[in-house]
Amino acid sequence: MEHPVFQFQNVSDDILHNMNFEISTNEKVILFGPSGAGKSSLLFLFNRLRDPKQGDINYYGKPVTEYEISQLRRKVGLLLQSPNLFPGTVLDNLKYGPSLCGEWNPDDAKKLLEYVQLPESYLNRNVDQLSGGEQQRVSLGRTLANSPDVLLLDEPTSALDYRTAEEIEEVLERLIEEHQLTMIMVTHDLKQAKRLGERGLFLMDGELKEDGDIESMLTEPETEELKEFIQD
């Protein structure tokens, strides 16, 4: 029997109330809603940056608490708004995760840079010398170095200028397709939501108000809350 990638059953904490949904392999899910709705709080439950006060979260049919936390975070990779790179070189960052488990292969360095469309000459460059867009690419490469199944994205382009954001979006789209990743993304940009997502989870006041095909949700919302949110 094939299990969903993630299953949330009656999950609640101080911000979120009674979350019930499943996410299947290769789904592209957008978490959206007004500020303070609980989007990032929900995203961080997937890899245990937060834990719920009640309810169950399963990853491939097994409670997330039964996975070693470092193993879970390698398989459920996270890309934040800000790159949060470690001091040192691009190579230092790319090999960090796999090296902890003795799994780093030096040949992977060039391949990872190709994935995020940076030249091999960047490997020994200090991350402080990179632009914001380049740092975000390295951050994405560092996440991919762990061979994740799931990619969590917390507004990954919101701190970038329009052109750089567009480039990062193209890289993300290609990588998600190429690596057959399950994507769960927080964004406030509804155009981006339509471009990158297939399914939407609309949150408001810590509650899941609507769940469905993202394009249909944005053109024909079923709830008054979503109608008002789109109009605003």
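**Entry 1: strands 1 and 2**

I began with strand 1 (residues 6–12) and found 4 bridges joining it to strand 2, the two running antiparallel. The model is a predicted one, and I read everything below in that light. I looked up two facing pairs: phenylalanine 8 stands opposite phenylalanine 21 in strand 2, and valine 11 stands opposite methionine 19 in strand 2. The two strands make a hairpin with 6 residues between them. In that turn, I noted asparagine 18, whose phi is positive at about 55 degrees.

I then sorted the side chains of strand 2 by face. Met19, Phe21 and Ile23 make up the covered face, while Asn20 and Glu22 are on the uncovered one. I recalled that side chains in a regular strand alternate between the two faces of the sheet.

**Entry 2: the 4-strand sheet**

I followed the hairpin into its sheet. It is open, with 4 strands in the order 2-1-4-5 and antiparallel pairing. Which strands are at the edges? Strand 2 (19–23) and strand 5 (62–63) are, each pairing on one side only.

**Entry 3: the 6-strand sheet**

I traced another open sheet, this one of 6 strands in the order 6-7-8-3-9-10, with mixed pairing. Strand 6 (76–79) and strand 10 are its edge strands, and each pairs on one side only. From one strand to the next, the twist averages 15 degrees.

Inside this sheet I checked strand 7 (residues 150–154) against strand 8: they pair in the parallel sense over 5 bridges. The bridge partner of leucine 152 there is isoleucine 184 in strand 8.

Next I looked at the helices lying across these strands. Helix 5 (residues 132–144) lies across strand 6 and strand 7, at about 170 degrees to strand 6. Helix 6 lies across strand 3 (28–32), strand 6, strand 7 and strand 8, and runs at about 160 degrees to strand 7.

**Entry 4: nonpolar cores**

I looked up the largest nonpolar core, which has 42 residues. Phe32, Leu113, Val116, Leu140, Leu144 and Leu172 have the most contacts inside it. Which helix gives the most to this core? Helix 6 (residues 162–178) does, with 6 residues. A second core, separate from this one, has 28 residues, including Phe6, Ile23, Leu72 and Val76. As a general reminder, nonpolar side chains tend to be buried together in soluble globular proteins.

I went back to phenylalanine 32 and listed its contacts, leaving aside neighbours within four places in sequence. Among them are Thr187, Leu190, Leu201, Leu203, Ile214, Met217, Leu218 and Phe229. Lys39 and Gly200 are also in contact with phenylalanine 32.

**Entry 5: positive phi in two loops**

Most residues other than glycine have a negative phi, so I looked up two that do not fit. Glutamine 180 has a positive phi, near 50 degrees. It is placed in the loop between helix 6 and strand 8 (182–186). Is glutamine 180 buried, partly exposed or exposed? I put glutamine 180 down as partly exposed because its relative accessibility is 46%.

Aspartate 205 also has a positive phi, near 55 degrees. I located aspartate 205 in the loop between strand 9 (199–204) and strand 10 (207–213). Aspartate 205 has a relative accessible area of 57%, so I entered it as exposed; the cut-off for exposed is over 50%.

Key
Residues numbered from 1 in each chain as written. Predicted model: local features only at pLDDT ≥ 70, side-chain atom pairs only at ≥ 80, totals over all residues. Heavy atoms only, no water. Core = buried A, V, L, I, M, F, W, Y, C linked by side-chain atoms within 4.5 Å. Buried < 20%, exposed > 50% of the residue type's maximum accessible area, 1.4 Å probe, protein only. Contact = heavy atoms within 4.5 Å. Pairing = 2+ DSSP bridges. Axes fitted to C-alpha atoms, helices over the stretch in contact; angles between N-to-C directions.
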